[in-house]
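Reader: I am new to this structure and would like a close look at one part of it. Please take me through the place where protein and DNA meet, and then how the protein chains meet each other.

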Protein chains: 2
Amino acid sequence: MTKTITKGAVGLPLNQIMAGDCIEIMRSLPADSVDLIFADPPYNLQLRGDLHRPDNSKVDAVDDHWDQFDSFKVYDKFTKDWLSAARRLLKPGGAIWVIGSYHNVFRMGAELQNQGFWILNDVVWRKSNPMPNFRGKRFTNAHETLIWASKSEGGKYTFNYEALKALNDGVQMRSDWVIPLCTGHERLKDGNGDKAHPTQKPEALLHRVLVGTTNPGDVVLDPFFGTGTTGAVAKMLGRDFIGIEREPSYRDAAEARIAKIRRFDREALETSTSKRAEPRVPFGQVVERGMLRPGEELYSIGNRYKAKVRADGTLIGNDVKGSIHQVGAHLEGAPSCNGWTYWHFKRDGKLVPIDILRQQIRAEMDETRPH
Amino acid sequence: MTKTITKGAVGLPLNQIMAGDCIEIMRSLPADSVDLIFADPPYNLQLRGDLHRPDNSKVDAVDDHWDQFDSFKVYDKFTKDWLSAARRLLKPGGAIWVIGSYHNVFRMGAELQNQGFWILNDVVWRKSNPMPNFRGKRFTNAHETLIWASKSEGGKYTFNYEALKALNDGVQMRSDWVIPLCTGHERLKDGNGDKAHPTQKPEALLHRVLVGTTNPGDVVLDPFFGTGTTGAVAKMLGRDFIGIEREPSYRDAAEARIAKIRRFDREALETSTSKRAEPRVPFGQVVERGMLRPGEELYSIGNRYKAKVRADGTLIGNDVKGSIHQVGAHLEGAPSCNGWTYWHFKRDGKLVPIDILRQQIRAEMDETRPH
DNA sequence: GAATTATATGAATCCGATC
DNA sequence: GGATCGGATTCATATAATT
């Protein structure tokens, strides 16, 4: 299923893992081409030998002790570079997720804001089975922090509110997610039976991220691909991915892992949508079709007010003329009003919301539309 | 109980609220003199227009002048200044707590690290009853973040591991704390019945902070004192406080509030250093939430014995200290005892089993739902 | 008085298509 | 591109009002 979309002169390598430094590679990809970025960068400079100083000299392993201020400076430069390269790739309506711990997440969050990303939420991954603090010197480090941000203020980011609400048993999804660590069968092992990657993320985490903030067919980029959790879940969910990873052993593990994944079928990928996605029906159509007649009276939700339907699909009530919404808002002294649920008509002596008339029209529209 | 400790040439004004700008005032206080700082600075919310609930009622926004900053640059300068003034005041073994939301916490965290504070944990306050996201455009903002940091790397900070474990019913305290918002009787009102402060913090939060990271007699400074939650809990727990607040109306409310507080007696303040058993709802939460107060007396099922509640959720009765279960078992000469049904408190002259308090907490938490 | 129902509210960066 | 306006959107808890 590997494919390449060309955009301008440069190709976008989909469903592949690119080998090399993510900053260089991201700079070589076309701008404004990616829907979502998920990034799980290295947390701590001192404990890893795979980072570079600004002059590109390699940082030695743990025994290379330098003070924390130099360390932060180098980490900030690294963060600044990969975040700006990432931002360039995002479509105007694109968004980014980053994940980190208290060692690095504050620096990432501040840099996100500095670069003009617009933070939408910080989300807490609450681990149901964290490693205890063995020495009893601090609180059990039982969570990690994710930051979700749009490319810029006012960006038209994707948020599948209804799908997430459904995932959460019908209650609005909160900013704290209880998800177990990645263990058991899901945890990839190398040839020796050791874990293939030290910080493999659970698929449940990516599932929630991708269902919630992308649509099928979207392009998801992960610049710190590791063993490919982002790619695996993207494939299952019918999203295209681009992975970037420097370590050959991680790439190999990810490649083998993703090859085994099957995409869910089309029906399974359809998620709950909100009313906002449904076609708009002007109230005038209700009158045009004779479902309500000019001169007929409508009654407010508490039956306190009446208004009369006019031939052009406006109402008149208490000497105020306007749309079903405007007249409702005026009578209630409210800033706004959904006229469809506010107004009722009489049928067999009972009050029925006019919204059922809109539903009838929508049902008819469905019949005429190809499925 | 107002007192002044002199240290060198300068006095340390204990258990008072100082009027004015916290940066200037902190600069005038003696260095290396404070054990703990708790800081709840303005969040820089950057709110735009009005927000209405689906029922059209208007959300009472935090639009106070003190939360207005022109830019991140201005906010960063403010953060840098108050944090450096605060750091100077801390004893070498001192520590700081800051609290914030995604609007400001990343900038505070980065600056803490820049100044040489050593982050010990980030802690998530998971709100059991947050305000929903009314427009369905983001995740419910259901938490705030606290950062706990020592004055510098290697600082000999205070951490009452066993007391916190006891508060958590024998299980190591985690970095995510479920605590309700400050509402009801605890929420201070002004003369008109409006809230006295827009962002009053729950006492349960400060209880956990102060029991966990200070000792009786320690000096706790709060540079953004507001209506004095830090001072109120410090007084209860036998810690000395220093408050700094600019707004006269907040100072007045705090003054009146703290005057009414009684310090728990000495016995109640001694916290446990032994291990506990492990049912599900920690009795410590009953104490933290103020459902029972340290020093309050409990009565055995036949009203033959009495015991006193201590600040860490243990009891003392007949010179025996321990969990509600342990003390009950000891008094009855039994191998075990269910403290929840054994112990009763007095309400309206009647004896009520403490188990109903556990039921209240369970109802609030209702953590059986997947998040 | 007890039980039930209605109302109020909390640190919030909360709309988007069409004209 | 700014203005207009249709119309979609909420959870837990405390307290007041009602039955």
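Author: What follows describes the surroundings of DNA strand D and then the contact between chain B and chain A.

This is a predicted model, in which local features need pLDDT of at least 70 and side-chain atom pairs count only at pLDDT 80 or more, while totals for chains, interfaces and linings use all residues. Residues are numbered from 1 along each chain as its sequence is written, chains are lettered from A and ligands numbered from 1 in the order in which they are written, and side-chain values use heavy atoms, with hydrogens and water left out.

Around DNA strand D there are 32 residues, of which A:Tyr161, A:Lys165, A:Gln172, A:Ser323 and A:His325 come nearest; a residue is near a strand if one of its heavy atoms lies within 4 Å of it. Of the atoms of DNA strand D that come within 4 Å of the protein, 63% belong to sugar and phosphate. By type, the residues of this surface are ten nonpolar, 13 polar and nine charged (Ala, Val, Leu, Ile, Met, Phe, Trp, Tyr, Cys and Pro count as nonpolar, Asp, Glu, Lys and Arg as charged, and the others, Gly among them, as polar).

Helix 4 (161-167) and helix 10 (324-332) of chain A and helix 12 (355-365) of chain B each supply at least two residues of the surface. Helix 4 of chain A gives the most, with three residues. Helices (H or I, at least four residues) and strands (E, at least two) are DSSP runs, numbered from the N terminus.

Phosphate oxygens of DNA strand D also have partners in both chains. A polar side-chain atom of A:Tyr161 lies 2.7 Å from one, and an N or O atom in the side chain of A:Trp340 is 3.0 Å from a phosphate oxygen. For B:His185 a polar backbone atom is involved, at 3.5 Å.

Now the two chains. The contact (heavy atoms within 4.5 Å) takes 57 residues from chain A and 56 residues from chain B. Between chain B and chain A about 5200 Å² is buried, with carbon and sulfur atoms giving 51% of that area; buried area is the accessible area (1.4 Å probe) that two parts lose on being put together, summed over both.

The chains share three salt bridges, a salt bridge being a side-chain nitrogen of Lys or Arg within 4 Å of a carboxyl oxygen of Asp or Glu. One of them joins A:Arg126 and B:Asp176 (2.2 Å, N to O). On the side of chain B that touches chain A, strand 6 of chain B gives the most, with nine residues.

Note on methods. Polar contact = N/O pair within 3.5 Å; in protein donor to acceptor, adjacent residues only side chain to side chain.
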